[in-house]
Amino acid sequence: MIAVNPTDSASLLAAFGALGVLAVIFAESALLVVGFFLPGDTLLFPAGVLCAATADRPPRLELWQVLVCAAVGAVAGAQAGYLIGRHGARPLLSRSSRPRVRAGVVRAEQLLARYGYGKALVIGRFVPMVRSVLHPAAGALGVPIRTFTVWQTVGGLLWSQSFVLAGYALGSSVSHIDDYLLPLVAVIVVVSLLPLLMEARRRH
């Protein structure tokens, strides 16, 4: 039996490949508290790397399969999160005792109020913690479903495809890139947190 750690990108990709990408991205985009503990950016980028072929090894995943699964997981997950929010997540969001959930809700509401629905749904896809709560929050706050569907699809496709293709491009150009996956994932985490850190610094 294969032991799989759902928070570890390498474990998920080794066990499930492109289907693991679909399942995790769907859950991260839809399932509120659970989504905070799942890899998003840090799953898509290594998946793209594993799609690349170099002189010393063949690809271990099919690029088109990863791209399709990432897109379906992002778009379908966001839509499911919206419906969860629209049909009863407001009390859960407001009563949550988890600081990360409360902070994510506040940030999601601020994005929607500051930038408008379209821009907020696109920008929010690229912000960790916000990404997992933005779609249920949009449903709970009454964002029109047609507007939500259009802009979450735009944001989901931009986010999912850009990270996979960035990993693919790097994997195609750098030999033995597998040796550097963990440091690369750490860099992605730091870079993705920069908007939150800059916003916190601006407030202080």
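**One salt bridge and two helix contacts**

Hi everyone. If you search this whole structure for salt bridges, you find one. Before I show you where, please keep in mind that this is a predicted model.

So which residues form the salt bridge? The partners are Glu 28 and Arg 131, and their closest N and O atoms are 3.2 Å apart. As a reminder from your lectures, side chains of opposite charge can pair when their charged atoms come close. Now look at where the two residues sit. Glu 28 belongs to helix H2, which covers residues 18-30, and Arg 131 belongs to helix H6, residues 130-140, so the pair ties together parts that are 103 residues apart in sequence. Are these two residues buried or exposed? Both Glu 28 and Arg 131 are buried.

Let's step back and take in the whole chain. The protein chain has eight helices and zero strands. Written along the sequence, its pattern is α-α-α-α-α-α-α-α. Of its 204 residues, 47% are buried. And if you take the contacts in the chain with a separation of 6 or more, 76% of them are between residues 24 or more positions apart.

Back to H6, the helix that holds Arg 131. How many of its residues are buried? The count is 10 of 11, so H6 is largely enclosed by the rest of the structure. Among the buried ones are Val 130, Leu 134, His 135 and Pro 136, along with our Arg 131. After H6 comes Gly 142, and its phi is positive, near 80°.

Next, how helices pack against each other. Two packed helices are described by the angle between their axes and the distance between the axes. Let's try that on H2, the helix with Glu 28. H2 and H3 have axes 10 Å apart and pack at an angle of about 165°. That makes H2 roughly antiparallel to H3, and H2 passes H3 in a left-handed crossing. Which residues meet here? From H2 we have Gly 20, Val 21, Val 24 and Ile 25, and from H3 they meet Leu 43, Leu 44 and Ala 47. Sorted by type, this contact has six nonpolar residues, one polar and no charged.

H3 has another neighbour to show you. Here, the axes of H3 (residues 41-51) and H7 (residues 145-173) come within 6 Å and cross at roughly 40°. That makes H3 oblique to H7, and the crossing is right-handed. On the H3 side, the contact includes Asp 41, Leu 44, Phe 45 and Gly 48, while H7 brings residues including Trp 159, Phe 163, Gly 167 and Leu 170. The residues of this contact divide into 10 nonpolar, four polar and one charged. You may recognise Leu 44, which we just met in the contact of H2 with H3 and which also takes part in the contact with H7.

Let me finish by zooming in on one residue, Phe 45, which lies in helix H3. Why is Phe 45 called buried? Its relative accessible area is 10%, and buried means under 20%, so Phe 45 qualifies. How far is its C-alpha atom from that of Leu 170? The separation is 9.4 Å, although the two residues are 125 residues apart along the chain.

That's my tour. Thanks for listening, and please find these residues in the structure yourselves!

Notes
Residues are numbered from 1 along each chain as its sequence is written. This is a predicted model: local features need pLDDT of at least 70, side-chain atom pairs count only at pLDDT 80 or more; totals for chains, interfaces and linings use all residues. Side-chain values use heavy atoms; hydrogens and water are left out. A salt bridge is a side-chain nitrogen of Lys or Arg within 4 Å of a carboxyl oxygen of Asp or Glu. Helices (H or I, at least four residues) and strands (E, at least two) are DSSP runs, numbered from the N terminus. Buried means under 20% relative accessible area, exposed over 50%, partly exposed in between (1.4 Å probe, protein chains only). Axes are lines fitted to C-alpha atoms, for helices over the stretch in contact, and angles run from 0 to 180 degrees between N-to-C directions. Angles under 35 degrees count as roughly parallel, over 145 as roughly antiparallel, 65 to 115 as roughly perpendicular and the rest as oblique. A crossing is left-handed if the near helix is turned anticlockwise from the far one by less than a right angle, and right-handed if clockwise. Contact means heavy atoms within 4.5 Å. Ala, Val, Leu, Ile, Met, Phe, Trp, Tyr, Cys and Pro count as nonpolar, Asp, Glu, Lys and Arg as charged, and the others, Gly among them, as polar.
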